[in-house]
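The following exercises concern pockets and aromatic contacts. Please consult the sequence and the structure before reading each solution.

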Amino acid sequence: MDERATQVEVLEAGSGDNGAEVVLREAGEADLDTAAELFRGYLEFYEVEVEDPQRPRAFLAERLAGGDSFILLAEVPGAGTVGFAQVYPMFSSLAMKPAWLLGDLYVAPAGRRTGAGRALLREVLRRAREAGVSGVQLETAYDNLVAQGLYEAEGFVREEFHVYFHDLSETGAETGAAAGA
């Protein structure tokens with residue numbers, strides 16, 4: 001068993017936006033149910049329909065078991081575990097160095113305005129600097145102005161590249177075929 005899965009390490013404790021203490025820890029196998037509940041909230045926020053209610057937990061378990069990502073959890077006393085961030089290591093061909101993709105950052109409604117999102121973001125950046133990666137990339141919805149404000153306040157810069165995505169799922173293939181007809 002991965003030693004990381006059995007350890008609970010407090011990564012950061014600080015005051016949030018409303019004076020609440022935010023405690024961060026890296027998620028392990030014992031945290032999968034909690035992380036999956038937050039992940040379901042994240043998927044709902046982005047209006048992703050999940051047919052199998054166990055799939056979010058299984059997805060996270062697969063990522064942790066395969067070492068594909070690491071997950072941070074944010075806890076606020078009195079509110080519980082209110083947020084998570086999932087980071088995927090990758091490479092930047094242009095920098096010819098490792099880079100990270102902050103694939104997911106979510107704070108449940110009960111944890112908003114506590115500083116949990118900012119604490120998670122800062123911990124990701126701290127770890128990235130420590131690991132010597134070239135940078136951290138993320139995406140968010142065009143209309144998610146609150147998140148955009150946070151990212152820009154923490155030093156993220158909107159790039160001028162156009163992002164393209166080719167959906168290879170069955171739904172995407174059907175949509176693409178219908179659009180071309």
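**Exercise 1.** Determine the volume of the second largest pocket and describe its lining.

*Solution.* The second largest pocket has a volume of about 580 Å³. A pocket here is an open set of points on a 1 Å grid over the protein atoms alone where a 1.4 Å probe fits, with protein on both sides within 12 Å along at least five of seven lines; lining residues have an atom within 4 Å of a point. The volume is the space filled by probe spheres set on the points, which are joined across faces, edges and corners. Of its 27 lining residues, Val-107, Gly-117, Val-146, Ala-147 and Leu-150 are the closest to the centre. Next, β5 gives the most to this lining, with six residues; strands are DSSP runs (E, at least two residues) and helices likewise (H or I, at least four), numbered from the N terminus.

The model is predicted: local features need pLDDT of at least 70, side-chain atom pairs count only at pLDDT 80 or more, and totals for chains, interfaces and linings use all residues. Residues are numbered from 1 along each chain as its sequence is written, and side-chain values use heavy atoms, with hydrogens and water left out.

**Exercise 2.** Classify the ring pair of Phe-70 and Trp-100.

*Solution.* Rings of Phe, Tyr and Trp (its six-membered ring) pair if their centres lie within 6.5 Å; planes under 30 degrees apart count as stacked, over 60 as edge-to-face and the rest as tilted. For Phe-70 and Trp-100, the centres are 5.2 Å apart and the planes stand at 70 degrees, an edge-to-face pair. Phe-70 belongs to strand β3 and Trp-100 to strand β5, 30 residues apart.
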